[in-house]
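Me: I'd like a really close look at one part of this model, plus a sense of what goes on around it. Keep it chatty, but give me the cut-offs so I can reproduce things.

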Amino acid sequence: MLEWTSTLVANLCEGSRRCVQKSVVSVDCILSVSESAKPCKERRGGLERVRYRRLTVPSERPGDGYLVGGTDGVGTKLKLAFEMDKHDTIGIDLVAMSVNDIVTCGAKPMFFLDYFATGALDVDKAEQVVKGIVDGCKQSGCALLGGETAEMPGFYPDGEYDLSGFAVGFVKKEHLIDGSKVKAGDVLLGLPSTGVHSNGFSLVRKILEKSGSSLQDPLEGTDTALGEALLAPTAIYVNKVLGMAEAIPVKATAHITGGGFTDNIPRVLPKGLGVCIRKGSWDVPPLFQWLQKAGRVSDAEMYRTFNMGIGMVVVTDKEGAAAASTFGAKVIGEVTEMEAVEIV
């Protein structure tokens with residue numbers, strides 16, 4: 001078992017300072033930080049970054065496997081965060097979008113890096129964003145190894161910023177999930193989403209504009225404000241997917257992001273296969289019902305744009321499907337011999 005020294009950002013304290021705590025994380029991976037590596041501090045506009053720059057690759061690897069990397073942002077969901085002046089969960093979205101992608105290969109996230117860019121640094125906002133990033137890293141069991149804060153005067157509107165995230169994980173060769181064993185008759189399991197997650201917000205914003213709705217309006221059928229429902233952080237599926245892979249045959253997984261069901265599921269299937277998804281097999285959350293009604297959006301467009309309440313699809317055999325409820329999953333369809341995505 002290898003160890004690396006990493007940094008976790010603790011609760012933020014006095015003024016503009018970041019309180020940083022060292023931790024040692026044991027990981028089953030091929031990278032470790034040299035014991036001689038010292039933390040290198042960087043301060044920009046009062047926001048302190050701490051990182052370790054020296055990485056070593058041990059001569060003896062703990063097993064034959066693969067490093068898996070992913071990078072993503074949170075798109076125009078940021079516009080809603082700016083409008084509501086709520087920044088403490090957008091960092092969870094940032095982590096989720098990358099770690100959910102790499103876990104589809106069976107990879108356990110090892111570390112995460114963030115990039116925060118703005119015109120003029122607002123330390124209070126930046127600290128809230130980083131708090132969310134830390135929360136996301138804790139949920140996914142990975143280290144926040146470092147990050148970059150970039151100030152670019154005149155490049156961004158006042159009070160706005162952009163984010164990118166980068167995750168690296170490791171999967172042993174025998175645990176790789178690559179879709180090669182999927183066959184007709186296999187079962188699709190759906191893991192519930194927490195909302196729109198971090199895709200489709202260009203359409204969301206257009207629906208808000210055309211409907212004349214306010215983010216403070218109550219979401220029909222709930223006690224939640226519309227803005228609060230839309231900003232609900234993306235679910236992190238790392239522990240659930242890895243737990244399922246230990247208990248049942250997980251043949252493929254699809255993270256339902258931009259492109260919805262129509263574009264994401266075919267990517268994980270062997271050539272010549274498709275899926276049939278049964279709409280009545282799970283309850284579509286009220287938020288998606290409101291979006292469709294307020295925007296007069298067709299069923300086809302909804303399933304091509306949004307996750308519709310299913311954030312991750314897992315392909316298993318019929319025996320594995322019997323354990324779906326153990327993981328909070330629903331049986332939502334099956335693999336077919338027709339190379340298409342049918343939604344019936």
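What follows takes helix α4 (residues 201-211) as the part to look at, then moves outward from there.

Reply: Some housekeeping before the helix. This is a predicted model, so local features need a pLDDT of at least 70 and side-chain atom pairs count only at pLDDT 80 or more, while totals for chains, interfaces and linings use all residues. Numbering starts from 1 along each chain as its sequence is written, and side-chain values use heavy atoms, leaving out hydrogens and water.

The backdrop is a chain with 10 helices and 16 strands (DSSP runs numbered from the N terminus: H or I of at least four residues for helices, E of at least two for strands). Of its 344 residues, 51% count as buried (buried is under 20% relative accessible area, exposed is over 50%, partly exposed is in between, with a 1.4 Å probe and protein chains only). Look at the contacts in the chain with a separation of 6 or more, and 81% of them come from residues 24 or more positions apart (a contact is heavy atoms within 4.5 Å).

Now α4 itself. Which of its residues are buried? They are F201, V204, I207 and L208. These four cover an arc of only 110° around the axis, which puts them on the same side of α4 (the arc is taken from the directions from the helix axis to the C-beta atoms). That spacing makes sense, because an α-helix has 3.6 residues a turn, so residues three or four places apart point the same way. Go round to the other side of α4 and you meet E209 and K210, both exposed. The buried residues of α4 pack against α1 (77-84), α5 (226-230) and α8 (286-295). Right after the helix comes G212, with a positive phi of about 70°.

Next, the neighbour α8. Its buried residues are L287, F288, W290 and L291. Here the arc is only 160° around the axis, so they also end up on the same side of their helix, α8. What covers the buried residues of α8 includes α4, α5 and α9, so you can read the α4 packing from the other partner too. R296 follows α8, and its phi is positive, near 50°.

While we're on backbone angles, remember that most residues other than glycine have a negative phi. D85 isn't a glycine, yet its phi is positive, about 50°. You'll find D85 in the loop between α1, the α4 partner, and α2 (90-103). M308 is another non-glycine with a positive phi, about 55° in its case. M308 sits in the loop between α9 (299-305) and β14, and its relative accessible area of 3% makes it buried.

M308 leads us into the strands. β14 (residues 310-316) runs antiparallel to β11, and six bridges join the two (strands pair if DSSP finds at least two bridges between them). One spot to click on is P192, which stands opposite I310 in β14. β11 also pairs with β15 (residues 330-336), again in the antiparallel sense, over four bridges. In that pairing, G190 stands opposite K330. As for cover, β11 (residues 187-192) has five of its six residues buried.

Last stop, the rings. The structure holds seven aromatic pairs (Phe, Tyr or Trp rings, the six-membered one for Trp, with centres within 6.5 Å; planes under 30 degrees apart are stacked, over 60 edge-to-face, the rest tilted). One to pull up is F116 with Y161, a stacked pair at 5.1 Å centre to centre and 20° between the planes. F116 lies in β8 (residues 108-118) and Y161 in β10 (residues 161-172), so the pair ties together parts that are 45 residues apart in sequence. F116 counts as buried at 4% relative accessibility, and Y161 is buried with a relative accessible area of 4%. Add F82 and you have a cluster of F82, F116 and Y161 linked by ring pairs. F82 also brings us back to where we began, as residues 77-84 make up α1, which the buried residues of α4 pack against.
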